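Please open the model in your viewer and keep the sequence beside it, since this tour moves from one selection to the next.

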Amino acid sequence: MSNQPIVYVLSDSVGETAELVVKAGLSQFTNGDYKIQRVPYVEDKETIDDFLQVAKERNGMIGFTLVEPELRNYLNKRSKEMNVEAVDILGPTLDTMEHVFKRSPRLEAGLIHKLDEDYFKKIEAIEFAVKYDDGRDSRGIARADIVLIGVSRTSKTPLSQYLAHKRIKVANVPIVPEVDPPEELMLVDPSKCIGLKITADKLNGIRKERLKALGLGDQATYANIERIEQELEYFNGVVDKIGCHVIDVSNKAVEETANLIMRMKQKRKM
């Protein structure tokens with residue numbers, strides 16, 4: 001028989017809460033060498049009996065979150081009868097709260113996962129940022145709340161993701177001298193387009209470090225100062241043509257730039 005700990009997580013919802021608690025406990029006893037089997041949407045005593053038997057045969061234990069009192073009591077009772085260790089993760093908390101707050105629980109499974117509108121907006125914005133990252137699809141420019149433009153290594157992608165977590169839909173477009181900007185960029189409302197400016201020396205250092213991280217020499221054209229100056233000159237021409245706002249990101253963290261953009265967006269709304 002294996003000495004690897006095994007825990008069966010039973011829940012009348014998805015079982016995520018119970019699994020997180022079990023993982024936290026197991027981390028105190030193992031270095032990740034354990035097995036968790038999640039059993040979601042438990043609605044009957046037969047399922048409870050089945051997994052109590054499996055846990056007994058495999059020398060495992062059960063962790064569970066069942067809000068329905070009849071099922072919770074049944075599992076607690078049967079686990080003792082079968083001599084199987086079972087941890088009622090949610091029950092004692094509900095019982096204590098009922099006593100302290102002098103009211104009965106709603107007894108609805110999965111309430112914590114009934115996601116609100118803000119959550120869905122954030123997920124939508126994150127998916128949007130991924131889909132329209134790095135000029136992948138220029139159709140996102142018209143649909144975006146913010147359009148970021150800049151040469152390579154001006155933090156367009158991390159900035160897009162940071163803003164997405166604030167529920168802002170961001171498309172970003174790389175500016176490269178050899179590639180004409182997409183037509184949609186020339187038609188975008190300049191007030192929602194932001195150019196990310198950077199000094200040549202700063203960009204040169206960032207690109208050299210990037211090449212080193214990739215195991216490449218720092219003499220590539222990508223990190224050549226003349227090439228960088230050419231790219232930045234072309235970038236300046238593009239932002240002048242669009243008439244968009246420009247932020248110098250040379251010495252700014254992503255969070256700082258994001259806060260500037262959010263303030264600008266708020267002013268635009270007002």
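Begin by selecting the open sheet of 4 strands, whose order is S6-S5-S7-S8 and whose pairing is parallel; as you look, bear in mind that this is a predicted model. At the edges of this sheet stand strand S6 (170–174) and S8, and each has a single partner strand, so one side of each is left without a neighbour in the sheet. If you turn the view to follow the strands across, the twist averages 25° from one strand to the next.

Now narrow the selection to strand S5 (residues 146–150) and strand S7 (residues 193–197), which pair in the parallel sense over 3 bridges. Within this pairing, pick Leu148 and look across to S7, where its bridge partner is Ile194. Strands of a sheet pair through backbone hydrogen bonds, either parallel or antiparallel.

Add helix H11 (residues 254–269) to the view, and you will find that helix H11 lies across S5, S7 and S8, running at about 155° to S8.

Stay with S8 and select His245, which lies in this strand (residues 245–248). Is His245 buried, exposed or something in between? With a relative accessible area of 42%, His245 is partly exposed, because that value falls between the limits of 20% for buried and 50% for exposed. Leaving aside residues up to four places away in sequence, His245 touches Pro190, Cys193, Ile194, Gly195 and Met264. For a sense of how the chain folds back here, select Lys192 as well: His245 and Lys192 are 53 residues apart in sequence, while their C-alpha atoms are 8.4 Å apart in space.

Next, move to strand S3 (residues 61–65), which is mostly covered, with 4 of its 5 residues buried. Which strands does S3 pair with? S1 runs parallel to S3 and is joined to it by 5 bridges, and in this pairing Leu10 stands opposite Phe64 in S3. Strand S4 (residues 86–88) also runs parallel to S3, joined by 3 bridges, and here Gly63 stands opposite Val87 in S4. Select helix H3 (residues 69–81) together with S3 and S4, and you have a right-handed β-α-β unit in view.

The tour now turns to aromatic rings. A pair of aromatic rings is described by the distance of the centres and the angle of the planes. How many aromatic pairs does a search of the whole structure find? The search finds 2. Select Tyr8 and Phe51, which form a tilted pair at 6.0 Å centre to centre, with 50° between the planes. Tyr8 lies in strand S1 (residues 6–11) and Phe51 in helix H2 (residues 45–57), so this pair ties together parts that are 43 residues apart in sequence. Both Tyr8 and Phe51 are buried.

For another pair, select Phe128 and Tyr132, whose ring centres are 4.5 Å apart and whose planes stand at 55°, so that this pair is tilted. Phe128 counts as buried at 5% relative accessibility, and Tyr132 likewise counts as buried, at 4%.

As a last stop, select Arg207 and Tyr222 together, and look at how the charged end of Arg207 sits over the ring of Tyr222, 4.5 Å from its centre.

Terms used: Residues are numbered from 1 along each chain as its sequence is written. This is a predicted model: local features need pLDDT of at least 70, side-chain atom pairs count only at pLDDT 80 or more; totals for chains, interfaces and linings use all residues. Side-chain values use heavy atoms; hydrogens and water are left out. Rings of Phe, Tyr and Trp (its six-membered ring) pair if their centres lie within 6.5 Å; planes under 30 degrees apart count as stacked, over 60 as edge-to-face and the rest as tilted. Helices (H or I, at least four residues) and strands (E, at least two) are DSSP runs, numbered from the N terminus. Buried means under 20% relative accessible area, exposed over 50%, partly exposed in between (1.4 Å probe, protein chains only). A charge sits over a ring if NZ of Lys or CZ of Arg is within 6 Å of the ring centre and within 35 degrees of the ring normal. Contact means heavy atoms within 4.5 Å. Two strands pair if DSSP finds at least two bridges between them. Axes are lines fitted to C-alpha atoms, for helices over the stretch in contact, and angles run from 0 to 180 degrees between N-to-C directions. A crossover is right-handed if, with the strands pointing away from the viewer, the path from the first strand over the helix to the second runs clockwise.
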